[in-house]
Protein chains: 4
Amino acid sequence: MALRIKIQTGCDTPIYRQIVDQVHLAAATGTAKPGEAVPSIRGLAEQLVVNPNTVAKAYAELRNEGLIESQQGRGMTLCDRREVLTDSERMRRVRPLLSDLAKQAVMLGFNAQELSRMLKDECKALGQRPSKGA
Amino acid sequence: MALRIKIQTGCDTPIYRQIVDQVHLAAATGTAKPGEAVPSIRGLAEQLVVNPNTVAKAYAELRNEGLIESQQGRGMTLCDRREVLTDSERMRRVRPLLSDLAKQAVMLGFNAQELSRMLKDECKALGQRPSKGA
Amino acid sequence: MALRIKIQTGCDTPIYRQIVDQVHLAAATGTAKPGEAVPSIRGLAEQLVVNPNTVAKAYAELRNEGLIESQQGRGMTLCDRREVLTDSERMRRVRPLLSDLAKQAVMLGFNAQELSRMLKDECKALGQRPSKGA
Amino acid sequence: MALRIKIQTGCDTPIYRQIVDQVHLAAATGTAKPGEAVPSIRGLAEQLVVNPNTVAKAYAELRNEGLIESQQGRGMTLCDRREVLTDSERMRRVRPLLSDLAKQAVMLGFNAQELSRMLKDECKALGQRPSKGA
DNA sequence: GTGGTCTAGACCACT
DNA sequence: GTGGTCTAGACCACC
């Protein structure tokens, strides 16, 4: 039983983005397998207590990316599409987040060592329970 | 040479935030020293070709945070750095960035060790020094 | 009944500051509880007959301080109270008011004992409760 | 030798107001006696490293209040005018400062007891060295 | 000259 | 509907 989406209110990332990111993460970590069904728009909207339009917006983005596809009559399922990225492309995607973190952390008085420890903890938490602790 | 602020338009981070961050960073890394003057609101606005109110907004935030102080009629200067936020608050502010980075990095197949190294490089690039003295 | 904000024009404290202070005070005294909604920017602006930007400025400050949080498209609510400022910073902020009061009071011939009594009365009038629980 | 005015930059009270207040305080506490000379405008301006206009503005206010008077050819001196205030008038003057302090302190999480102690300390400091510690 | 405040009106993203 | 950002222009106090 995969793809249990959870959103956190009072967080600055938009709800639709949280949904998109969680599907991405589930697909990447193998928590959700190709061909597996994703919750229906109105079902997920009801479960998360959000506007169906918000879920629809998230699914539209996922569909455009080719990560999910609508199988007529069977709702939407995860594609088996697997991105093959070059090292430089992976670098390019993670770099700005590294930069943001480093800047903010330095401003707040953290040093590189503290950061590394916290980051390791964060990664460990992700590996243990991808869908719950996220 | 002190506090040359630059902004990039067409970037998704607001102008006023770019200004705030750059002053913060300059103060944290020691690029700008306590007592040093910051550019006048109107002067900086003219230089950056933005509305003076935008600069004023950035400076107001910096002033509220206690990072700069205004000497009426004589411009603003950097304050002596002091610890303003509790440890738990600093943690709370850096946590979401850690989380974002960890998620994205895991998706891209980086491991914690690689991340730590890259993060250290980023910090070094910012000119970080032992945290307490910053 | 929650968070009825009132402002007095013709008073030297800025409107936006009156708003900020009243929300702060309501949160500190327990008049407004965590999770409770605050009036919308446009709604409050209309009620107070001021410019929406003035209210927005007040709310932005409150948000930066972590006292309220915005849930995009759904308005803003009070956060759980947490200690954000270090003790030394809290001290630094209350010190000038103490100094002003002491100077003025000494000039007027009050002694410390009288002042303490009056100050206790003021605090009681604000509905203060044991500091840590506030 | 009395009336050694000192100002503190980086404080939000205007310089001219600091001067006015200090003369008031010195007169009220007896640090400066009636008939005593006050520093010349340009002398004081030079000593404080401020604009002579600023000192002039402060002196103008003091003169309007009748606290100092210009003795032709001898500069300005303190008047022997002694205000006799009713209790209600004294109350009226100290009340707003009490209120401000109480509000700010409650917001910052101080309780009445802590405040009283700090206020006593402040008063003691004023009594000991009116012109130096101010 | 400086910063501080307020107004008016615009555009955007999110729900 | 909501908040977030930016612009333009005004008035004030202080130096």
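In this model, an N or O atom in the side chain of C:N53 lies 2.6 Å from a base nitrogen of DNA strand E. The model is predicted. C:N53 is also listed among the closest residues to the strand, together with A:I15, B:R42, C:I15 and C:T54. In total, 24 residues surround DNA strand E.

Two further atom pairs involve the phosphates of the strand. Both come from chain B. A backbone N or O atom of B:I41 is 3.0 Å from a phosphate oxygen of DNA strand E. For B:R63, the side chain supplies the N or O atom, and the distance to a phosphate oxygen is 2.9 Å. Sugar and phosphate account for 70% of the DNA strand E atoms within 4 Å of the protein. Bases make up the rest.

Helices of chains A, B and C contribute to the surface near DNA strand E. At least two residues each come from α1 (15-29) and α3 (52-65) of chain A. The same holds for α2 (41-48) and α3 (52-64) of chain B. In chain C, α1 (15-29) and α3 meet this mark. The largest share, three residues, comes from α3(C). By class, the surface near the strand holds 11 polar, eight nonpolar and five charged residues.

The protein chains also touch one another. The size of an interface is often given as the accessible area lost when the parts come together. For chain B and chain A, this area is about 3800 Å². Carbon and sulfur atoms supply 77% of it. The contact involves 37 residues of chain B and 35 residues of chain A.

Polar and charged pairs also cross the interface of chain B and chain A. Two salt bridges are counted there. One joins A:R95 to B:E122, with the closest N and O atoms 3.4 Å apart. Seven residue pairs are in polar contact, with both residues at pLDDT 80 or more. On the chain B side, α1 (15-29), α4 (87-108) and α5 (112-125) each give two or more residues. The greatest contribution is from α4(B), with 17 residues. The chain B side consists of 20 nonpolar, eight polar and nine charged residues.

Chain C meets chain B through 11 residues on each side. About 940 Å² is buried between chain C and chain B. Here carbon and sulfur atoms give 40% of the area. Within chain C, the most area is lost by C:R82, C:V84 and C:T86. Together these residues make up 38% of what the chain C side buries.

C:R82 also takes part in a salt bridge. Its partner is B:E89, and the closest N and O atoms are 3.2 Å apart. Two salt bridges are counted between chain C and chain B. Eight residue pairs are in polar contact, again with both residues at pLDDT 80 or more. Two helices of chain C, α3 (52-64) and α4 (87-107), each supply at least two residues of the side that touches chain B. The largest share of that side, four residues, comes from α4(C). Six charged, three polar and two nonpolar residues form the chain C side.

How values were computed. Residues are numbered from 1 along each chain as its sequence is written. Chains are lettered from A and ligands numbered from 1 in the order in which they are written. Side-chain values use heavy atoms; hydrogens and water are left out. Contact means heavy atoms within 4.5 Å. Buried area is the accessible area (1.4 Å probe) that two parts lose on being put together, summed over both. A salt bridge is a side-chain nitrogen of Lys or Arg within 4 Å of a carboxyl oxygen of Asp or Glu. A polar contact is a pair of N or O atoms within 3.5 Å; within protein, one must be able to donate a hydrogen and the other to accept it, and residues adjacent in sequence count only if both atoms are side-chain atoms. Ala, Val, Leu, Ile, Met, Phe, Trp, Tyr, Cys and Pro count as nonpolar, Asp, Glu, Lys and Arg as charged, and the others, Gly among them, as polar. A residue is near a molecule or strand if one of its heavy atoms lies within 4 Å of it.
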